[in-house]
Amino acid sequence: LIYYLGAVMAPPASLENVIGGKLKLKTKKTGGSIGKHNSSGRPSSPAAAAAAAGFTSGGHGKVLSKTLNKKDSRTDAQKRHDAVLANRLAAQAKAAAQKSHKERLLEMNEKLASLTEHNDLPKIGPG
């Protein structure tokens, strides 16, 4: 029953079938509740995880390389494309390393100074 301005009112018909209380989650047939997943089957140490993933160890517990048993399925054009991209990235990195931060800032400021400002342009049209 709901008390509204001193009067006792019955709940609306749409709320008659509502069950209140705590949310009940599905449980396993054994009666346990849903919780953390069982960690059985997972490797316990990073070295065991690396060995399971196919990595080889070069001593001192460090992972050095991964054994590659896969054949390269790229076409010749894809290989050439990747080589050109790698060369282009290397050239860009070399060019960026030649200028200092101060020189790049001066160049950018000169470029911005040569551009026209938005307010300097005459208004054209009704908009």
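**Exercise 1. Find which elements of the chain have the lowest and the highest mean pLDDT.**

Solution. Strand 4 (residues 63-66) has the lowest mean pLDDT among the elements, 51, and helix 2 (residues 76-98) the highest, 94. pLDDT is the predictor's confidence in each residue, from 0 to 100. This is a predicted model: local features need pLDDT of at least 70, side-chain atom pairs count only at pLDDT 80 or more, and totals for chains, interfaces and linings use all residues. Residues are numbered from 1 along each chain as its sequence is written, and side-chain values use heavy atoms, with hydrogens and water left out. Now take the whole chain. Its average pLDDT is 75. At least 70 is reached by 57% of the residues.

**Exercise 2. Give the order of the elements from the N terminus on.**

Solution. Start with the count: three helices and four strands. Helices (H or I, at least four residues) and strands (E, at least two) are DSSP runs, numbered from the N terminus. The order is β-β-α-β-β-α-α.

**Exercise 3. State how much of the chain is buried, and how much surface is accessible.**

Solution. Buried means under 20% relative accessible area, exposed over 50%, partly exposed in between (1.4 Å probe, protein chains only). Of 127 residues, 1% count as buried. The accessible surface comes to about 12,700 Å² (Shrake-Rupley method, 1.4 Å probe; for residues, only the protein chains shown count as cover). Carbon and sulfur atoms hold 58% of that surface.

**Exercise 4. Describe helix 3 and the nonpolar patch that includes Met 108.**

Solution. First, the span. Helix 3 has 14 residues and reaches 20 Å from first C-alpha to last. That is close to the expected 20 Å, a value found as 1.5 Å times one less than the number of residues. Next, the cover. Helix 3 is hardly covered, with zero buried residues. Met 108 lies in this helix (residues 101-114). Its relative accessible area is 44%, so Met 108 is partly exposed. Last, the patch. Leu 105, Met 108, Leu 112 and Leu 115 make a nonpolar surface patch of about 380 Å². Patches take residues with over 30% relative accessible area and no salt bridge; like charges are joined within 9 Å, nonpolar side chains (Val, Leu, Ile, Met, Phe, Trp, Tyr) within 5 Å.

**Exercise 5. Trace the salt bridges of Asp 72 and Arg 74.**

Solution. Side chains of opposite charge can pair when their charged atoms come close. A salt bridge is a side-chain nitrogen of Lys or Arg within 4 Å of a carboxyl oxygen of Asp or Glu. The whole structure has four.

- Asp 72 meets Arg 74 at 3.2 Å, N to O.
- Asp 72 also pairs with Lys 79, the closest N and O atoms being 3.9 Å apart.
- Arg 74 pairs with Asp 82, the closest N and O atoms being 2.3 Å apart.

Shared partners join Asp 72, Arg 74, Lys 79 and Asp 82 into one network. Asp 72 is partly exposed at 41%. Arg 74 is partly exposed at 35%.
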